[in-house]
Amino acid sequence: CSLSVCFFCIVNGIVVNSVAAAAAAIADVSSSARKSRKAHFQAPSHIRRRLMSAGLSKDLRKKHEVRSIPVVKGDEVVVVRGQHKGREGKVTAVYRKKWVIHVERIVRDKVNGASVPVPLHPSNVAITSLKLTKDREAILKRKADGRKASTA
């Protein structure tokens, strides 16, 4: 049956009386820690992009009315947690396979003298300057509109 028309629907053998309940029944999401971890670590790249989001700095949060956004190469970030707390730089790489980002000037020297970028998780940085593209502006607008609609 059409969820928007009827008052009672049968979904997977369960009688539900609202669109939200029907959506929840269809989603069939597990709360098992084992399955959640498996889903997280086996997530495809387009899902990892969204999971690798970072919070915006306070001034950007106020300006765009958005709390967080996926990190992209070219964003400027400040490290807010960990050994490198307080250091700033531009994102040089978003390594989805390893769940990390690399930031310029945050490097570690190897024994042989070579320097390698320090891997940082996006949750440990705050974005201070966005690399804005047309697509990214659309994302910011959509998220801000959704936030306004939910508070209104």
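This passage describes a strand sheet, a nonpolar core, an aromatic pair and a buried aspartate in a predicted model.

Residues are numbered from 1 along each chain as its sequence is written, and side-chain values use heavy atoms, with hydrogens and water left out. In this predicted model local features need pLDDT of at least 70 and side-chain atom pairs count only at pLDDT 80 or more, while totals for chains, interfaces and linings use all residues.

Helices (H or I, at least four residues) and strands (E, at least two) are DSSP runs numbered from the N terminus, and two strands pair if DSSP finds at least two bridges between them. An open sheet of 6 strands, with mixed pairing, follows the order S4-S3-S10-S5-S6-S7. Strands S4 (68-70) and S7 (100-103) stand at its edges with a single partner strand each, so one side of each is left without a neighbour in the sheet. On average, neighbouring strands of this sheet are turned by 50° against each other, direction ignored; the axes behind such angles are lines fitted to C-alpha atoms. Within the sheet, S3 (residues 53-56) and S10 (residues 125-129) run parallel and are joined by 2 bridges. Leucine 56 stands opposite isoleucine 127 in S10.

Both residues recur in the largest nonpolar core, which has 23 residues. Such a core is a set of buried Ala, Val, Leu, Ile, Met, Phe, Trp, Tyr and Cys residues joined through side-chain atoms within 4.5 Å. Buried means under 20% relative accessible area, exposed over 50%, and partly exposed in between (1.4 Å probe, protein chains only). The residues with the most contacts inside the core are Leu56, Ile69, Ile101, Leu120, Val125, Ile127 and Leu130. At least two core residues come from each of S3, S5 (76-79), S7, S10 and helix H5 (134-151), and H5 gives the most, with 3 residues.

A search of the whole structure finds 1 aromatic pair (ring centres within 6.5 Å, using the six-membered ring of Trp; planes under 30 degrees apart are stacked, over 60 edge-to-face, the rest tilted). The pair consists of phenylalanine 41 and tryptophan 99, edge-to-face at 6.3 Å centre to centre with 80° between the planes. Phenylalanine 41 lies in helix H2 (residues 33-41) and tryptophan 99 in the loop between S6 (88-95) and S7, so the pair ties together parts 58 residues apart in sequence. Phenylalanine 41 is partly exposed at 44% relative accessibility, whereas tryptophan 99 is buried at 9%.

Aspartate 75, in the loop between S4 and S5, is buried at 0% relative accessibility. Leaving aside neighbours within four places in sequence, its contacts (heavy atoms within 4.5 Å) include Ile127, Lys131 and Arg136.

Terms used
Axes are lines fitted to C-alpha atoms, for helices over the stretch in contact, and angles run from 0 to 180 degrees between N-to-C directions.
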